[in-house]
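This briefing covers model confidence, one helix pair and one aromatic pair. Please read it alongside the sequence and structure below.

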Amino acid sequence: MASAPQPFRSDIRFLLGNEERSLRDIDPQMTVLEYLRLNERKVGTKEGCAEGDCGACTVVLGEPDGNGSMAYSTVNACIQFVPTLDGKQLLTVEHLKSEDGSLHPVQQAMVDTHGSQCGFCTPGFVMSLYQLWLDGGEEDRGAINDALAGNLCRCTGYGPIIEAARKAGGVAAQDATEQKRRGDVAARLNTMVDDAGTLAIEHPAGRYYAPRTSDDLAELLVSHPDATVLAGGTDVGLWVTKMLKRLDPIIYIGDVTDLKSIKETDDAVIIGAGVTYSQAHDALTKVADDVGELVRRIGSRQIRNAGTVGGNIANGSPIGDTPPALIALGAKIVLRMGNVRREVPLEDFFITYGKQDRHPGEFVESVIVPKPESGLVFKAYKISKRFDQDITAVLAAFAIKLDDAGKVTEFRAAFGGMAGTPMRARKCEEALIGKDWDEASLNAAQLALSNDFAPMSDMRASKEYRMLVAQNLLTKLFIETNAPEIATRLVGKEAAHV
C-alpha cells in the first residue's frame with residue numbers, strides 16, 4: 001500500500017534530457033541558465049540579454065499534458081527559476097544529437113543551409129526549430145517567422161534559418177516511436193511527483209513554495225501575505241536579473257492544476273490565472289479576432305509560452321497588453337483570499353500606478369471574459385516601434401454598437417500607455433453614446449480624449465505623440481466600422497480598400 005502523501009517536500013524533481021535530477025539546497029532564484037552553465041556545464045545555452053528578449057538562452061520544456069503524453073514549448077532559460085522545472089523535462093541543444101553522434105534533422109538543416117555564422121545565437125535558434133519540429137514542422141513563412149521572432153541574429157539575415165525550418169520538416173503526428181517516447185516520459189514524470197505534495201524550499205537565500213491545488217495556494221498566501229506570487233516569471237524574472245532583487249518568499253502558481261483551466265459558458269470564457277498566453281490564444285480569438293491577434297503580438301513565443309493572462313493583470317502594469325482589451329469587453333476578475341471569493345470589474349481593479357484592489361494574501365484566481373453580444377464590434381490596436389516583441393507605446397481597445405439608424409447605442413473605449421493604469425476613456429465614451437457615428441461625433445470624441453488623459457513622455461513616446469496616436473486610432477475605428485464612401489472621403493480611395 002502506498003504511503004500517505006506528505007504535505008511538503010524539499011527536493012526539485014525533473015528530467016534533464018532523460019536523466020533524473022533531485023536537487024536540494026538550490027537558491028530558489030537561481031535561473032535555469034545559470035544552473036545549466038555553472039552546475040551542469042552545458043554551455044550550449046547562452047546568455048545574451050538576461051531579460052527574455054534575444055533568445056540565445058532558448059530551451060525546450062516539456063510537461064505531461066494530462067492525456068498520457070507530453071506538451072513541449074520553448075522558454076527563456078535566463079528568466080526561468082530552477083524550482084519551476086519541478087515535474088518537467090528540460091531539453092537543451094546538447095540533448096538533440098543521436099546516440100551515435102549524428103545530428104538531429106534541425107541541426108543538419110542548419111548546417112546544410114549555412115544558417116549559422118558567428119554561432120552565438122545558433123543553439124537558441126536550433127531549440128526553437130526543434131520545438132517547431134516536435135509540432136510537425138511548418139512550411140508557411142508567417143508561421144515560421146512567428147516561431148522565430150524571439151530569436152535574434154546579427155549575422156545571417158534570417159533567410160538561411162527560415163530555409164532550415166522548411167528543410168528540417170517535422171515529426172509525423174502519428175509517429176509511433178515519438179508517441180511512445182512521449183508517453184514514457186510523461187509516465188516517468190508523473191511517478192516522480194505524484195503524491196509528492198507542495199514543494200517547499202527553505203534556503204538561506206530565501207524561501208520558495210509551489211502548491212499543487214488552489215486550496216493549498218490560498219492557505220499559503222494567508223500565511224505569507226507579503227509573498228511574491230510567481231506565474232510565468234516574464235516580469236518577476238527581470239526583478240532578479242536586472243534589478244538584483246531578493247524575493248522572499250516566492251509562491252509559484254504554475255503547478256496549480258485548477259488555475260490552468262479554460263472554461264466556456266454560453267456567454268463568457270473563464271480563464272484560470274495560471275493559463276499562459278499561448279494556451280489562452282485560441283479561446284480569446286473565439287471571443288474576438290482582435291484579442292487573439294493582440295495576444296499573438298505579446299513578446300515572443302518563448303514569452304507567450306511562459307507568461308500568463310492572470311499575471312499580466314495582477315502586476316498592474318500601465319502598458320500590459322491584455323487589460324485594455326479585456327476592460328473594453330467588460331471583463332471581471334475573481335479574487336480569492338482563503339475560502340472567500342469576490343468578483344471585481346477589471347476596470348475597477350486598477351487604482352493608481354503600482355496599486356491594485358488586491359489585499360495582502362489575496363490572489364487573482366480567474367478572469368471572466370464576456371462574449372460580445374450580437375451587433376457589438378470589437379477592435380484593438382497596438383502601437384509599438386517594432387511589430388514583434390516590443391513593449392506598447394499606446395494600446396487602444398474599442399467595443400461599439402450601432403442601431404439601424406447609425407447611432408451609437410453602446411461604446412466602451414480603453415487605453416494602455418496613456419495613464420498610470422489601463423483606463424477607460426469615459427469622456428470620450430460620453431461624447432459618442434446616443435450620437436450619430438459621423439465625422440462630427442468622431443471629432444468630438446477625439447477632443448474629449450484630451451480631457452480623459454494627460455499622458456507622459458518617456459523613452460517609448462512623447463506625450464504629444466501618445467495623444468495624437470490615441471486620437472488617430474479613433475479615426476481608424478471610424479474607418480473600419482463605417483460606410484466605404486466615408487472611408488474614401490477621409491483617407492483616399494487606396495486606403496479605403498486596405
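The model is predicted, and the protein chain has an average pLDDT of 92. A pLDDT of at least 70 is reached by 95% of the residues.

**Low-confidence stretches**
- Residues 1-6 have pLDDT under 50 throughout, and the model gives them four contacts beyond four places in sequence.
- Residues 486-498 likewise have pLDDT below 50. For this stretch the model shows 14 contacts beyond near neighbours in sequence.

**Helices α4 and α5**
- Helix α4 covers residues 141-148 and helix α5 covers residues 159-168; their axes come within 10 Å and cross at roughly 110°.
- Angles of 65 to 115 degrees count as roughly perpendicular, so α4 is roughly perpendicular to α5.
- The α4 and α5 crossing is right-handed.
- On the α4 side the contact is made by R141, I144, N145 and L148. On the α5 side I161, I162, A165 and R166 take part.
- By residue class, the contact of α4 with α5 consists of five nonpolar residues, one polar and two charged.

**Aromatic pairs**
- The count of aromatic pairs comes to 10, with ring centres within 6.5 Å as the criterion.
- F415 and F453 form one such pair, with ring centres 5.5 Å apart and planes at 70°. Planes over 60 degrees apart count as edge-to-face, so F415 and F453 are an edge-to-face pair.
- F415 lies in strand β20 (residues 408-416), while F453 sits in the loop between α16 (439-452) and α17 (463-481). The two residues are 38 residues apart, and the pair links distant parts of the chain.

Notes
Residues are numbered from 1 along each chain as its sequence is written. This is a predicted model: local features need pLDDT of at least 70, side-chain atom pairs count only at pLDDT 80 or more; totals for chains, interfaces and linings use all residues. Side-chain values use heavy atoms; hydrogens and water are left out. Axes are lines fitted to C-alpha atoms, for helices over the stretch in contact, and angles run from 0 to 180 degrees between N-to-C directions. Helices (H or I, at least four residues) and strands (E, at least two) are DSSP runs, numbered from the N terminus. Angles under 35 degrees count as roughly parallel, over 145 as roughly antiparallel, 65 to 115 as roughly perpendicular and the rest as oblique. A crossing is left-handed if the near helix is turned anticlockwise from the far one by less than a right angle, and right-handed if clockwise. Contact means heavy atoms within 4.5 Å. Ala, Val, Leu, Ile, Met, Phe, Trp, Tyr, Cys and Pro count as nonpolar, Asp, Glu, Lys and Arg as charged, and the others, Gly among them, as polar. pLDDT is the predictor's confidence in each residue, from 0 to 100. Rings of Phe, Tyr and Trp (its six-membered ring) pair if their centres lie within 6.5 Å; planes under 30 degrees apart count as stacked, over 60 as edge-to-face and the rest as tilted.
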